[in-house]
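Open the model in your viewer and keep the sequence panel beside it. This tour tells you what to select at each stop and what you will find there.

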Amino acid sequence: MNKKHLLLPAVLVVAAAVVATVQLWPTELKKLRGQNLCLGMLTEQTAGLIQDGKGGALVVEESIPDSSGSATKAADPIFSTICFVSRKNADDKSSARLQYTLDVRPTDTLNDRPKGATPVKGGLTGWVGQRQSEVQLPDGCAKEMKRPAAQHINVTLKISPVTLAGRDWDYASLMKDSRTVILEAVESLTKQYDCPA
């Protein structure tokens, strides 16, 4: 047999092995998404911090809103998914109370900081408010997240009115927990996409 004819199959086998290794190699994105909630942004302990005080099991749903009949699915669901964090009702286990939502969006600017909101600091741009918080991911993240046209990537946390009422409108305590939740989400995303501040 001619050695020239063996070269092509050998090259194809090596190429297939390299592709398989790259796809199966555990990346930070795969690891965090596999072990954490909300597309890898939150640990279960942190996800449960913001709650209305009525107890109930933690329920996390990653929902992709209907994109008006679009048959194409995004390669990376981070920009098309809203994470809903709820608590099951004690008396009716089939229903749940929404506590907050968390989502990630490409944008050009942050929303204006509302009255009573505090800056996040720590080298990040954003604010933590009484009902909503927004933080920008570090500048290099848009490129790493394959959104080079976007100036920024924002992480937004929105608190449910049920949670506010359940906490007797204790904004100081709620803002402390909101800060912890949104900063963990930002830290996890910078690890997933390898774009630290």
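**The whole chain**

Begin with the full protein chain, which reads α-α-α-β-β-β-β-β-β-α-β-α-α along the sequence. Bear in mind that this is a predicted model. Colour by secondary structure: the chain has six helices and seven strands. Next, colour by accessibility. Of the 197 residues, 37% count as buried. Now show the surface. The chain exposes about 11,700 Å², and carbon and sulfur atoms supply 56% of that area. Contacts can be viewed by sequence separation too. Among those between residues at least 6 apart in sequence, 61% join residues at least 24 apart.

**The sheet**

Select the strands. They form an open sheet of seven strands in the order β1-β2-β3-β7-β6-β5-β4, with antiparallel pairing. Which strands sit at the edges? They are β1 (58-63) and β4 (118-119), and each of them pairs on one side only.

Zoom in on β1 and add β2, residues 82-88. These two strands run antiparallel and are joined by six bridges. For a landmark, pick Val60: it stands opposite Val85 in β2.

Now bring in helix α6, residues 171-192. The helix packs on the sheet. Its contacts there are with β3 (96-107), β4, β5 (126-128), β6 (132-136) and β7 (152-159). Turn the view to compare α6 with β7: their directions make an angle of about 145°.

**Two helices crossing**

Keep α6 on screen and add α2, residues 28-35. The axes of the two helices come within 8 Å and cross at roughly 140°. Why are they called oblique? Angles over 145 degrees would count as roughly antiparallel, and this crossing falls in the oblique class, so α2 and α6 are oblique to each other.

Show the side chains at the contact. From α2, select Glu28, Leu29, Leu32 and Arg33. From α6, select Ser188, Lys191 and Gln192. Colour these by class: the contact has two nonpolar, two polar and three charged residues.

**Last stop: Thr46**

Select Thr46 in helix α3, residues 44-47. Is this residue buried or exposed? Thr46 has 7% relative accessibility, so it counts as buried; the cut-off for buried is under 20%. What is it in contact with, leaving aside neighbours within four places in sequence? Display Tyr100, Thr180, Val181 and Glu184, which are its contacts beyond that range.

Key. Residues numbered from 1 in each chain as written. Predicted model: local features only at pLDDT ≥ 70, side-chain atom pairs only at ≥ 80, totals over all residues. Heavy atoms only, no water. Helix = DSSP H or I, 4+ residues; strand = E, 2+ residues; numbered from the N terminus. Buried < 20%, exposed > 50% of the residue type's maximum accessible area, 1.4 Å probe, protein only. Contact = heavy atoms within 4.5 Å. Pairing = 2+ DSSP bridges. Axes fitted to C-alpha atoms, helices over the stretch in contact; angles between N-to-C directions. Parallel < 35°, antiparallel > 145°, perpendicular 65-115°, else oblique. Nonpolar A, V, L, I, M, F, W, Y, C, P; charged D, E, K, R; others polar. Areas by Shrake-Rupley, 256 points an atom, 1.4 Å probe, with all protein chains shown as cover.
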